[in-house]
Amino acid sequence: MAHRLLVNVIFTGASVFGRAFTEAYKQAAKASQIHRWNPIDEAMKILDIEKEELSLEEIEKKYEYLFDVNSKEKGNSFFLQSKVYYASDTLRKELEYLQKMREAKEGKQEAS
């Protein structure tokens with residue numbers, strides 16, 4: 001009888017621990033996905049771009065300069081190059097999103 005009770009306690013504990021571990025893993029994965037990409041404001045600070053001058057040409061210009069300046073050959077780090085890359089990627093995606101939103105808005109106005 002005591003043996004069966006002990007086995008039940010062990011299996012119940014393992015089950016609870018397994019569910020808790022799975023849930024914690026899901027939350028950690030979700031949090032790391034959110035923080036992997038730079039927010040728009042941070043990306044603009046990294047590339048030193050103001051909202052008024054945000055354009056694909058300006059992003060490319062700043063990206064090329066900062067990526068080159070921060071290269072390992074010039075004594076800098078891959079970490080800084082990564083920050084520059086993700087900042088430019090974030091801003092490019094934001095511009096694409098804004099363009100799609102403008103096109104959708106124009107399409108709705110034409111249909112009316």
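**Figure 1. Contacts across the chain.** Take the contacts between residues at least 6 apart in sequence: 57% of them join residues at least 24 apart. The model is predicted. One residue with such partners, set aside from its neighbours within four places in sequence, is Leu-91 (Figure 4).

**Figure 2. Four helices in a row.** The chain holds four helices and zero strands. Read from the N terminus, the order is α-α-α-α. The radius of gyration is 24 Å, well over the 13 Å that the globule rule gives for 112 residues, so the chain is more spread out than a compact globule. Along the principal axes, the C-alpha atoms fill a box of roughly 75 × 60 × 15 Å.

**Figure 3. The largest nonpolar core.** Eleven residues form this core. Among them are Ala-43, Met-44, Ile-59, Tyr-63, Val-84 and Leu-95. Helix 2 (40-47), helix 3 (56-69) and helix 4 (78-111) each give two or more residues to the core. Helix 4 gives the most, with four residues.

**Figure 4. Close-up of Leu-91.** Leu-91 belongs to the largest nonpolar core. Beyond its neighbours within four places in sequence, Leu-91 is in contact with Ile-40, Ala-43, Met-44, Leu-47, Ile-49, Leu-54 and Ile-59. Of these partners, Ala-43, Met-44, Leu-47, Ile-49 and Ile-59 are also listed in the core.

**Figure 5. Surface and charge.** Buried residues make up 20% of the 112 residues. The chain exposes about 9,200 Å², and carbon and sulfur atoms supply 59% of that area. The chain carries 18 positive and 19 negative charges. The mean positions of the two sets lie 12 Å apart.

Terms used
Residues are numbered from 1 along each chain as its sequence is written. This is a predicted model: local features need pLDDT of at least 70, side-chain atom pairs count only at pLDDT 80 or more; totals for chains, interfaces and linings use all residues. Side-chain values use heavy atoms; hydrogens and water are left out. The radius of gyration is taken over C-alpha atoms; the globule rule is 2.2 Å times the number of residues to the power 0.38. Buried means under 20% relative accessible area, exposed over 50%, partly exposed in between (1.4 Å probe, protein chains only). Contact means heavy atoms within 4.5 Å. Accessible areas come from the Shrake-Rupley method with a 1.4 Å probe; for residues, only the protein chains shown count as cover. Lys and Arg count as positive and Asp and Glu as negative; His and the chain ends are not counted. The place of a charge is taken as NZ of Lys, CZ of Arg, CG of Asp or CD of Glu. A nonpolar core is a set of buried Ala, Val, Leu, Ile, Met, Phe, Trp, Tyr and Cys residues joined through side-chain atoms within 4.5 Å.
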